Amino acid sequence: MAKESSHPAHGADIHRVVVIVDQNSNPFELGCATEIFGLRRPEIGRDLYDFRLCSPEPSTPMRDGFFTLTGVAGLEAADTADTLIVPNRPDVEVPRRPAVLETIRRAHARGARLIGFCSGAFTLAEAGVLDGRRATAHWQWADAFRARFPGVHLESDVLFVDDGDILTAAGSAAALDLGLYVVRRDHGAEAANSVSRRLVFAAHRDGGQRQFVERPLPDLPDESLAPVLAWAQERLDSPLAISDLAARAAVSPATLHRRFRAQLGTTPLTWLTGERLALACRLIERGESRFEVVARRSGLGTATNLRTLMRRETGITPSAYKRRFGSEVN
């Protein structure tokens, strides 16, 4: 029997996420979407999304015939999506079904948010909705993508791209990064952190981080950054400098930079600022309305600096963030 929705009781008044699954779709990204958008959230106390799958045919063989998906809705379910996640699959040179492409165009025309994971950028581009827009895709397909879709501004060395109503993620694991980013954008940092804890996954990796992160076999017993990251996260309200992190890790600042680049794909300063901003968002959600206190407790210094960074990273001011997310927590 076809399952209409993962949360049917809330379908009328909750943001609906629909995933189109097509022949040879990748199971991993489907799993990412299900984990992030499809599960109930008793730890939060409310469901975040109404989630469903749809397919152009009743029986859909997944990638390399690993298994066959049945019992999901037809493509008509996509016409009710607030967010539509498009098919992604390894055979990027094979044209997508006209019915799928037309479904995507209809969703875009009525203002639905579109998401493409990994090779999903090919699907969006083939539907014609990416012309003149920014997007990303897995690095191994960057040349092929540019050759086929020269009108798309491909950013091939980032984890994900937010171009407003169209968002794309570079590779398989980046689907988790983008999914958590969407949760944070829709429901705030506290909800995103709760989802990430359940996933046992980093709550926030900036979309501008590099896709390819080098992890050579260490010639030292342990070069993991985990201890120094945990140490810093407990002291975000302190005036931490990069030299403090380097001293804690017992390495030079130059070596610390190399390890951050190799293990996290970012710089120590960018990571530290991101952690402080995430803490500031959580403090606002928990009811702290004095932005100078938020800035001090998160290590961002001043309310002016808080406003500048929050507008740059989230697109809204602390006051707007509180209006959007604070009332749900208070």
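## The whole chain

The accessible surface of this chain adds up to about 15000 Å², and 54% of that belongs to carbon and sulfur atoms. What you are looking at is a predicted model, so keep an eye on its confidence as you go. Going by secondary structure, the chain has 13 helices and 10 strands. There are 330 residues, and 52% of them count as buried.

The chain also folds back on itself a good deal in terms of sequence: of the contacts with a separation of 6 or more, 65% are between residues 24 or more positions apart.

## How far to trust it

The average pLDDT is 85, and 88% of the residues score at least 70. Confidence is highest in strand β5, at 98, and lowest in helix α13 (residues 318–329), where the mean is 76. Over residues 8–12 the pLDDT drops below 50, and this stretch has 6 contacts in the model beyond near neighbours in sequence.

Residues 206–222 also stay under 50, and for them the model has 39 contacts beyond four places in sequence. Where pLDDT is low, the predicted coordinates should not be read in detail.

## Helix α1 and what covers it

Which residues of α1 are buried? They are E29, L30, C32, A33, I36, F37 and G38. The cover over the buried residues of this helix includes strands β1 (16–20), β2, β5 (83–85) and β6 (113–117), along with helices α5 (172–187) and α6 (189–199). For C32, the relative accessibility is 4%, which is why it counts as buried.

Just before the helix, in the loop between β1 and α1, sits N24. N24 has a positive phi of about 70° although it is not a glycine. Most residues other than glycine have a negative phi. N24 is also buried, because its relative accessibility is 17% and the cut-off is under 20%.

## Aromatic rings

The model has 8 aromatic pairs. One of them joins F37 and Y49 edge-to-face, with 5.1 Å from centre to centre and 80° between the planes. This pair ties together distant parts of the chain: F37 belongs to helix α1 (residues 27–38), Y49 is in the loop between α1 and β2, and the two are 12 residues apart. Are these two residues buried or exposed? Both F37 and Y49 are buried.

Elsewhere, ring pairs link F122, W141, F145 and F149 into a cluster.

## R113 and its partners

Now for strand β6, where you will find R113. Its relative accessibility is 8%, so R113 counts as buried. Which side chains does the side chain of R113 meet in polar contacts? One is that of T83, at 2.9 Å, and another is that of D186, at 2.8 Å.

Leaving aside neighbours within four places in sequence, R113 is in contact with H15, D82, T83, L84, D165, L167, V182, R185 and D186. Take L84: it is 29 residues from R113 along the chain, yet their C-alpha atoms are separated by 6.2 Å.

Helix α5 also holds D177. With a relative accessible area of 4%, D177 is buried. D177 and S196 are 19 residues apart in sequence, and their C-alpha atoms are 9.5 Å apart in space.

## S55 in its loop

S55 lies in the loop between β2 (50–54) and β3 (59–61). Its relative accessible area is 2%, so S55 is buried. The side chains of S55 and T60 are joined by a polar contact of 2.5 Å.

Beyond its neighbours within four places in sequence, S55 is in contact with V21, T60, V72, A73, G74 and L75.

## C118 and the cysteine question

C118 lies in the loop between β6 and α3 (120–126). Like N24, it is not a glycine, and C118 has a positive phi of about 55°. The relative accessibility of C118 is 5%, so it counts as buried.

How many disulfides does a search of the whole structure find? The search finds 0. A disulfide is a covalent bond between the sulfur atoms of two cysteines. To count here, a pair of cysteine sulfur atoms would have to lie within 2.5 Å.

Definitions and conventions: Residues are numbered from 1 along each chain as its sequence is written. Side-chain values use heavy atoms; hydrogens and water are left out. Buried means under 20% relative accessible area, exposed over 50%, partly exposed in between (1.4 Å probe, protein chains only). Helices (H or I, at least four residues) and strands (E, at least two) are DSSP runs, numbered from the N terminus. A polar contact is a pair of N or O atoms within 3.5 Å; within protein, one must be able to donate a hydrogen and the other to accept it, and residues adjacent in sequence count only if both atoms are side-chain atoms. Contact means heavy atoms within 4.5 Å. Rings of Phe, Tyr and Trp (its six-membered ring) pair if their centres lie within 6.5 Å; planes under 30 degrees apart count as stacked, over 60 as edge-to-face and the rest as tilted. pLDDT is the predictor's confidence in each residue, from 0 to 100. Accessible areas come from the Shrake-Rupley method with a 1.4 Å probe; for residues, only the protein chains shown count as cover.
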